[in-house]
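Good morning, and thank you for joining this group meeting. Please look at the model on the screen while I take you through a few of its features.

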Amino acid sequence: MRSNQQAPISGNEIIRWIEKYLFVPEGRWLGTKMVLAEWQKTEIRKIYDNPARTRRAIISFGRKNGKTSLAAMLLLVHLCGPAAQKNSQSYSTALSREQAALLFRLAAKMARMNPMLSDILQINDGIKRLVCPELGTTYQALSSEASTAYGLSPVLVVHDELGQIRGPRHELYEAMETSTGAQVNPLSIIISTQAATDADLLSVLIDDAIAAHDPKVVLSLYTAPMEDDPFERETIRKANPAFGNFLNPDEVMAMADDARRMPAREPQYRNLILNQRVEACNPFVKPVHWKACGGPIFDFESREVYGGLDLSESADLTALC
């Protein structure tokens with residue numbers, strides 16, 4: 001453990017600590033020493049070896065790729081590992097209490113499985129809090145009670161499944177991101193599947209990261225291109241870095257077959273498995289067909305043209321086109 005952190009910690013040092021002190025908390029390798037996959041090591045180095053000192057890291061991929069486990073490991077790294085800063089606060093955020101509890105429980109399980117960590121950490125399951133008295137560090141899981149987030153001063157915030165937020169703003173996210181002003185090098189990590197539309201908060205953050213305006217923002221976006229065959233194994237691999245490792249390929253291919261047979265399930269499959277920016281519903285016109293209609297505007301000169309008027313009743317829009 002480090003009592004106070006001044007110089008930046010390398011990604012390799014964090015990787016060594018994880019693989020030395022943490023155990024797999026559930027699944028088929030339960031109780032074995034944690035062995036990070038190469039893509040996980042790459043993500044850790046990308047965050048912690050950034051010469052500009054990462055302020056926000058966004059990692060987006062399909063479901064069941066170990067998102068919550070990776071987040072739990074990094075929270076412990078900042079609570080009692082090589083990135084711990086004395087008397088610092090770390091938090092994770094989620095939209096629901098259930099989602100918040102998932103991340104906390106994984107971190108608590110990892111802590112309890114190592115006798116050394118279990119001895120130095122106090123685990124409070126009732127309020128989802130871990131405390132390291134020796135360093136004065138705390139970690140707590142928060143859900144959408146945004147009013148409780150004001151007044152905090154986190155050095156690390158992990159935003160879990162930010163893609164579930166609809167619209168460009170969310171009070172809990174804003175409260176946590178504006179509470180880091182007293183910290184010298186705060187870090188926010190967003191780990192989530194993609195949001196449904198371009199106007200949603202996670203999409204706005206991803207598009208800003210793609211534009212590369214800020215070197216302190218790093219992005220890893222695992223997604224399948226819309227033009228690829230959505231049911232091919234190689235397409236699925238592009239959005240799922242754990243495919244064939246701890247992500248069961250047979251189960252994923254069964255989901256692909258379901259979506260192929262039942263078109264109503266395809267949008268959800270594209271969003272959650274292929275990590276595409278697609279609404280998880282069954283629209284009248286599929287996005288791929290809608291985009292295929294793009295092109296030069298037709299010349300209506302000297303042609304008879306008709307207008308269609310769509311009147312609104314309550315929350316709809318009135319449009320003449």
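**Aromatic pairs and a buried strand**

The structure holds 5 aromatic pairs. Before I describe some of them, please note that this is a predicted model.

Let us begin with tryptophan 17 and tyrosine 21. Their rings form a tilted pair, with 5.4 Å from centre to centre and 40° between the planes. How far apart are these two residues in helix 1? They are 4 residues apart in helix 1, which covers residues 11-21, so about one helical turn separates tryptophan 17 from tyrosine 21. Tryptophan 17 has a relative accessibility of 10%. Because buried means under 20%, tryptophan 17 counts as buried.

The next pair is phenylalanine 231 with tyrosine 269. Here the rings are stacked, at 5.9 Å centre to centre and with 20° between the planes. Phenylalanine 231 lies in the loop between strand 8 and helix 8 (233-239), while tyrosine 269 belongs to helix 10 (residues 266-272), so this pair ties together parts that are 38 residues apart in sequence. Are these two residues buried or exposed? Both phenylalanine 231 and tyrosine 269 are buried.

To finish with the rings, Trp39, Phe61 and Tyr222 are linked by ring pairs into a cluster.

I turn now to strand 1. Of its 5 residues, numbered 56-60, 5 are buried, so strand 1 is largely enclosed by the rest of the structure. As a general point, side chains in a regular strand alternate between the two faces of the sheet. In strand 1, Arg56, Ile58 and Ser60 are on one side, Ala57 and Ile59 are on the other, and both faces are covered.

Which strands pair with strand 1? One is strand 7 (residues 187-192), which pairs with strand 1 in the parallel sense over 5 bridges. Another is strand 8 (residues 217-221), which runs parallel to strand 1 and is joined to it by 5 bridges. Isoleucine 59 shows both connections: isoleucine 59 stands opposite isoleucine 191 in strand 7, and its bridge partner in strand 8 is serine 220.

My last example is leucine 152, found in the loop between strand 5 (137-142) and strand 6 (154-160). Which residues does leucine 152 contact, leaving aside its neighbours within four places in sequence? The contacts are Gln89, Tyr91, Leu142, Met176 and Ser179. In addition, the C-alpha atoms of leucine 152 and threonine 180 are separated by 8.0 Å, although these residues are 28 residues apart along the chain.

Thank you for your attention.

Methods: Residues are numbered from 1 along each chain as its sequence is written. This is a predicted model: local features need pLDDT of at least 70, side-chain atom pairs count only at pLDDT 80 or more; totals for chains, interfaces and linings use all residues. Side-chain values use heavy atoms; hydrogens and water are left out. Buried means under 20% relative accessible area, exposed over 50%, partly exposed in between (1.4 Å probe, protein chains only). Two strands pair if DSSP finds at least two bridges between them. Contact means heavy atoms within 4.5 Å. Rings of Phe, Tyr and Trp (its six-membered ring) pair if their centres lie within 6.5 Å; planes under 30 degrees apart count as stacked, over 60 as edge-to-face and the rest as tilted.
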